[in-house]
Amino acid sequence: MGSSALLPPTAFAAPPVRLIVGAAAARAARGWPSPAGISAAAAAGTSPFWGTSVRAFRQPCGAPRPPCTRAASAAAAAAAAAANTPAGASAAAGGTVAAAACAASAAGATGGAAASATAKRAPAEPPRPSSTTLRTHTCGELRAAAVGTTVTVVGWAHAVRDRGGVTFLLLRDRHGVVQVTVTPPARADDAGEDSLPAALAAAKSVRLEYVVSATGVVAARDAAAVNASMETGEVEVLASAVTIVSRCQPMPFPITTAAGVVAAADSVEAATDGGEDLLRLKHRYLDLRRPALQAALAARHRATLSARTYLDASGFIEVETPALTRATPEGARDYLVPSRVHPGCVYALPQSPQLYKQLLMVGGVDRYFQVTRCFRDEDLRADRQPEFTQLDMEMSFVTREDVMAAVEGVARTVVAAIGGGEADAVLPPVPVMTYAAAMDAYGVDAPDTRFGMLLSNVTAHPAVVSSAFAPLAAAAALPASAAAAVKALVVEGGASAASRKVLDGYTAFVKAYGLAGLLFGKVAADGAVTGPLAKVGGADEGAAAARLAAHLGAVPGDLILLAAGPGAAVNAGLGKLRVHLGQTLGLVTPGAMAWTWVVDFPLFDAVDDDPDGRAWTSVHHPFTAPLPEHASIVTSGQTEAYGSVLSSAYDLVCNGVEVGGGSIRIHDPPVQAAVFDALGIGAAEQAGKFGFLLEALAYGAPPHGGFAFGLDRLVMLLTGASSLREVIAFPKTTRASDVMAGAPAPAAAAALRELHLQSEAKEGTLAAAASAVVVGVNGEKGA
């Protein structure tokens, strides 16, 4: 505004009052003044809030505090008392907070610090989080210390038992289970006999999963009745009042048995969506009542909260990035959102905030993080969902080691938050392994280091090189591009249990990863090798096989499994078989956690028969920087050496599962352009898809790098869950459908027209697709 003369004089008489308060009853219960009391204090030029928790502010921005006088305070107190507020009544009694504040202010003005100190009010005790108007305690909160206390608990009927006139109710909420005992009048010494018949009648009409409120006195159980399996098992509530708050219609599946035990196992999700799984997903809001799911969601909350707290203390700030952006090549198909405003154009939901967090670094936000939703349209499995949550980080002026140290700090904090204990104790410094070492010894780039049984590369062993045995000869005849390999692993003491059926199962397992078969040999008591592996040496087969077994460190009673073929298939087949054996043979210590960094990944991966004629693709993404000593290979265009270029990427692995990954990014425009050229992304495509990033890099980009945790996967590992569904409130099926909400669903013709779209699907096809989302709920088949 140009001048205050444009405003009427009354605009300055009483600045507007802004309230952040609840209902009248809530204000009175907390001792807050009413709006009438605040208005009266405002008219008197004072505030009823001085010296108390500030919940409302009269002062407009920049206005000086009104002068404090005893007369003004007395007038405010009288007006507040007339308004019948707790604050006013206290002031009228002669001890007003405002008067005390004025006295302290006057004493301070004259140098009397003691008066100010005596005027301070002791901070009010914060309310217990569980206490509300409808309950005093949660179902899992009561302990022996509460004996003799009158309480009100509210929860779902976990179990109902009628024992000779005495009715026992187990009430459950997310905090736990408590026993409520309702006795007939003859046994109600202290509960008040007049109220018990009604309470007993209500208790007897309770059914499983009813929502019930019970008021009564907490009593210690008899020693013989103590239930050690319940945290509240030392006490019970002797109810004087029972109210059915809400009834429950017949459940589609049991949450508890008659004994009050959770019916479903902690893991009800299988690799495929079976009938009961679909039924539980259809009624996910009921399945969420399972204690296992409640505990998983609470653990997820603790993980997120602890990470935010740690990152905030480490100088990071949380910044949100757009969810509607443009499609960029990041390894999976995008979910597209048509634009109504821009006909023919689409947004893409982000697979990650990759480009935006790099732009934040260019913008000077040197430490960023975000808990963000990401979307990828790809084939699903037990540890993959179409929409997932990332804990995303990015840092400026850092090296790879700086980022890895920050990530370890987050991981320690999260592990401690979920499992308890000191952060440094639960996660010591994480060992570092190169990608080449991981692939050589474990066959996979996410090694499970909880047990041994490593792979041994015997490609150059004399017994293999000189062998004419058909499986080995076929591998030797493969072209150089196949990178043929021969590897073996030793199952200690596994010979006796390796029946033909078991060995056939191993062979079928590795065939799924591209291997033609599997050779096995059993080491006998005399050191001789029996089985197909004995043929490795031809005419000298017995001695050659024995020498190979000795090279592998096999002793009598051991089982040797050997694979030959393309290097990628050998690594994948034996590497996955190793993990399978570790699980099925009990080689993994329950509860063990083994963390590993994997570094020095290849920057490029060769592409065969690419439809666009491209020879190379990014192992991670095209913004990953090469190692400094390898950058010149890329910028000089040495295409024949691209396969040897290593990247500044790093993955964090726990128990053989990648929980996150990151890299140092390219901040030099010429290097970024050279990487694009190596990937066959021409200048026009670069400008069209990444022009804004390339332009930003030209304006002084700092060296930067980042990391992203897969939050769902991390929580799944730390809680021991077997599926992502167990740590996500509302997950999708393996066909990316939400059977509870019926999504995805056909769009109305009018909506499609508004978006300038035309569906090619016929009406019958659309109806079939819609029904396929929920088919199987009645036990027909999985979706």
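I will talk about one open sheet, the helices that pack on it, and a separate helix pair in this predicted model.

The model is predicted, with local features needing pLDDT of at least 70 and side-chain atom pairs counted only at pLDDT 80 or more, while totals for chains, interfaces and linings use all residues. Residues are numbered from 1 along each chain as its sequence is written, and side-chain values use heavy atoms, leaving out hydrogens and water.

Let me start with the sheet, where helices (H or I, at least four residues) and strands (E, at least two) are DSSP runs numbered from the N terminus. The sheet is open and mixed, its 8 strands running in the order β8-β11-β12-β24-β23-β22-β19-β13, where pairing requires at least two DSSP bridges between two strands. At the edges lie β8 (317-318) and β13 (432-434), each of which pairs on one side only. Within the sheet, β11 (residues 367-375) and β12 (residues 387-396) are antiparallel partners over 9 bridges, and C374 has F388 in β12 as its bridge partner. Helix α10 (residues 291-313) packs on this sheet and touches β8, β11 and β12, contact meaning heavy atoms within 4.5 Å.

Now to the helix pair. Helix α11 (residues 354-362) packs against helix α22 (residues 683-697) at about 20°, with the axes 10 Å apart; axes are lines fitted to C-alpha atoms over the stretch in contact, and angles run from 0 to 180 degrees between N-to-C directions. In α11, the residues L355, Q358, L359 and V362 meet F690, F692, L693 and A696 of α22.
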